[in-house]
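Dear colleague,

I am passing on the structure below, together with some notes on its cysteines and on one of its strands. Please read them with the coordinates open.

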Amino acid sequence: MRIVFAGTPSFAAAALAALIDAAPGRGWTIPLVLSQPDRPSGRGMKLTASAVKQLAQAHGIPVDTPASLRKGDEAAAAKQRLREAAPDVLVVAAYGLILPQDVLDAPAGLRPGWSPRLTAINIHASLLPRWRGAAPIARAIEAGDESTGITIMQMDAGLDTGPMLLAEAVPIPPDATSGALTDTLAGLGARLIVDALTRVNELVATPQPDGATYASKIGKSEAWLDWTQPSRVLANRVRAFDPFPGAATVLQGTPIKLWRAAAVSAPSAAPPGTVIDAEAAGVTIACGDGALRVTELQRPGGKRLGAREFLAGFSLRAGERCQSPPAA
């Protein structure tokens with residue numbers, strides 16, 4: 001089996017690593033990897049290769065990084081290299097680029113006789129049809145879902161609409177952040193894609209049921225908390241937006257990131273956004289219903305600090321108010 005892999009972040013790199021490890025014993029080869037172009041990263045904004053590209057290069061696998069696969073000379077050249085790789089299947093995980101039909105049709109396909117041909121398989125980080133789209137992990141946490149999982153699906157031209165081949169659920173711990181849950185699901189996705197390709201002749205393509213929900217991409221503007229919302233909603237948002245974009249508010253004119261928080265009952269009827277107390281155990285802020293106790297905070301340019309350490313360098317008193325974000 002010749003596998004072309006398409007992916008970009010560490011979530012996808014876990015799957016590629018599993019395929020690389022499994023390949024020799026199963027007679028698989030990986031002649032080509034597709035990933036997004038290098039992006040500026042870090043304080044110096046130095047161009048940095050994706051996690052998938054770095055892993056592929058470390059194993060001597062050719063990597064192609066087109067900015068698009070839809071139109072233009074670069075896309076045409078990338079499609080030609082894909083055809084020259086002569087894959088049997090394209091495995092996709094958090095690639096981040098739209099795959100046009102001619103790319104999905106390029107592989108020879110697995111399971112002769114399947115209709116449509118089994119040419120492209122996606123590792124999706126939710127239990128479809130819930131949370132189709134770009135940010136399924138963060139949206140599941142934000143919504144307060146109690147479980148999620150991985151779906152191995154046959155790709156078609158729609159947005160995560162293809163039939164399901166394999167799925168496995170995991171609980172979402174009550175304190176899970178998007179970062180931690182991503183790590184859990186990356187490991188599960190890596191295991192399931194190897195299992196799916198190993199048992200490809202046993203798989204059954206099951207159409208997705210009705211009831212789809214959509215996980216839109218997380219925007220930086222969503223970081224700012226609306227203190228009129230219930231505390232449980234805000235606690236979920238803090239976890240969902242860790243590590244990106246980080247939940248935030250403004251205190252004393254300074255944007256402050258809020259990294260760890262829990263919903264608690266409000267000890268007073270203070271207006272939403274009012275600091276009820278600021279102690280070593282946490283900063284408690286009134287919400288529309290209940291209060292949010294924040295135990296890890298960060299000033300601009302600083303490190304994430306526990307409440308005790310943060311308050312040692314940022315004087316905060318009960319009665320102060322969280323303000324709207326500064327004007328752009």
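The closest cysteine sulfur to that of Cys-287 lies in Cys-322, 8.9 Å away, which is too far for a bond. Please keep in mind that this is a predicted model. Seen from the other side, the sulfur of Cys-322 likewise has its closest cysteine sulfur in Cys-287, at 8.9 Å and too far for a bond. A disulfide would need the two sulfur atoms within 2.5 Å, and the structure holds zero disulfides. As for their surroundings, Cys-287 counts as buried because its relative accessibility is 5%, and Cys-322, at 10%, counts as buried too.

The other notes concern strand S15, residues 282-286, in which five of the five residues are buried, so that the strand is largely enclosed by the rest of the structure. In a regular strand the side chains alternate between the two faces of the sheet. Here Gly-282, Thr-284 and Ala-286 point one way, whereas Val-283 and Ile-285 point the other way, and all are buried.

S15 has antiparallel pairings with two strands, which I take in turn. Strand S14 (residues 275-279) is joined to S15 by four bridges, with Ala-278 having Val-283 as its bridge partner, and the two strands form a hairpin with two residues between them. Strand S16 (residues 291-298) also pairs with S15 over four bridges, Leu-292 being the bridge partner of Ile-285; this hairpin has four residues between its strands, and Gly-290 in the turn has a positive phi of about 80°.

With best wishes

Technical notes:
Residues are numbered from 1 along each chain as its sequence is written. This is a predicted model: local features need pLDDT of at least 70, side-chain atom pairs count only at pLDDT 80 or more; totals for chains, interfaces and linings use all residues. Side-chain values use heavy atoms; hydrogens and water are left out. Buried means under 20% relative accessible area, exposed over 50%, partly exposed in between (1.4 Å probe, protein chains only). Two strands pair if DSSP finds at least two bridges between them.
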